[in-house]
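Visitor: Hi! Could we walk through this one together, starting with side-chain packing?
Guide: Happy to. Here it is.
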Amino acid sequence: MNNEEVRKLLEKAVLSVMKEGTVAVPVLLLKYYPKLKLSETEAMLLIHLIAFTDKEHKDFPTIEEIQSRMSANPETVIQSLQKLIKEGFISIDEETDPISGIHYERYNLQHLFEKIAASCVEEMNLPEKAKAGKPGKEGKDIFTVFENEFARPLTPMECETIAKWLDQDGYAEDLILAALKEAVFAGRVHFRYIDRILLEWSRNRVFTLDQAKAYAQKFRGLR
């Protein structure tokens, strides 16, 4: 085997490793970290924590493990980690394994995603009714209603989807909530299905809550 053949084999091996090791980094983190006043070092540290959790199933990598993957000096890495904890971007949770009873710690990045979501919504120039938190079902704003139905906080992308429905697509808030109700009724509570409902209603000139109710009843009768 000549040198050229060896080189091509090595390239294929490296490409294979790269494909298997891809990490899903939230694009909104890359977009909003400057607005959140995070440095490149701090943003990269967060990306490494995401990689440790998602790809290596390490919820609490050691300082040494984190430092070994960064070009910043150890003091800078430690200071960045301390800042992220102090300013509430991440937290350290203490948990107990229900089987072994062993106590362990894990990095929790939920607050980071919440801050990104808040920055995303703030920048979107939402309609006044959304900015003011116009009450929806049970007197709650539309984002809270969705969180209650999903039984978890919304991701930044999900907040962006709701904002797009309101701002770009021009769907009425009560129509979006009606689509959410239909998704719950069908047992398919996810954003793609809700978007399909809204698109179907739009194609069939369903623009009011009463029209949506009538269309939904007709659709159920045909199934």
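Visitor: Leaving aside neighbours within four places in sequence, which residues is Ile162 in contact with?
Guide: In this predicted model, Ile162 contacts Ile142, Phe143, Phe146, Leu154 and Phe191, once its neighbours within four places in sequence are set aside.

Visitor: And which residues touch the most other members of the largest nonpolar core?
Guide: Ile162 is on that list, together with Phe146, Trp165, Ile194, Leu198 and Trp201; the core has 27 residues.

Visitor: Which helices supply at least two residues each?
Guide: That would be α8 (142–150), α9, α10 (173–186) and α11 (191–203). The largest share comes from α10, with seven residues.

Visitor: Any other core around?
Guide: Yes, there is a second, separate one of 25 residues, and Leu28, Ile50, Leu84 and Leu112 are among them.

Visitor: Back to α9 for a moment. How far does the helix reach from its first C-alpha to its last?
Guide: Helix α9 covers residues 156–167, twelve in total, and reaches 16 Å, close to the 16 Å expected at 1.5 Å a residue.

Visitor: Which of the α9 residues are buried?
Guide: Pro156, Glu158, Cys159, Ile162, Ala163, Trp165 and Leu166.

Visitor: Switching to the surface: which residues make the nonpolar patch?
Guide: Phe60, Ile85 and Ile92 form a patch of about 220 Å². Ile92 sits in strand β1, residues 91–96.

Visitor: Why does Ile92 count as partly exposed?
Guide: Because its relative accessible area is 37%, and partly exposed runs between the 20% and 50% cut-offs.

Methods:
Residues are numbered from 1 along each chain as its sequence is written. This is a predicted model: local features need pLDDT of at least 70, side-chain atom pairs count only at pLDDT 80 or more; totals for chains, interfaces and linings use all residues. Side-chain values use heavy atoms; hydrogens and water are left out. Patches are made of residues with over 30% relative accessible area and no salt bridge: like charges are joined within 9 Å, nonpolar side chains (Val, Leu, Ile, Met, Phe, Trp, Tyr) within 5 Å. Accessible areas come from the Shrake-Rupley method with a 1.4 Å probe; for residues, only the protein chains shown count as cover. A salt bridge is a side-chain nitrogen of Lys or Arg within 4 Å of a carboxyl oxygen of Asp or Glu. Helices (H or I, at least four residues) and strands (E, at least two) are DSSP runs, numbered from the N terminus. Buried means under 20% relative accessible area, exposed over 50%, partly exposed in between (1.4 Å probe, protein chains only). The expected span of a helix is 1.5 Å times one less than its number of residues. A nonpolar core is a set of buried Ala, Val, Leu, Ile, Met, Phe, Trp, Tyr and Cys residues joined through side-chain atoms within 4.5 Å. Contact means heavy atoms within 4.5 Å.
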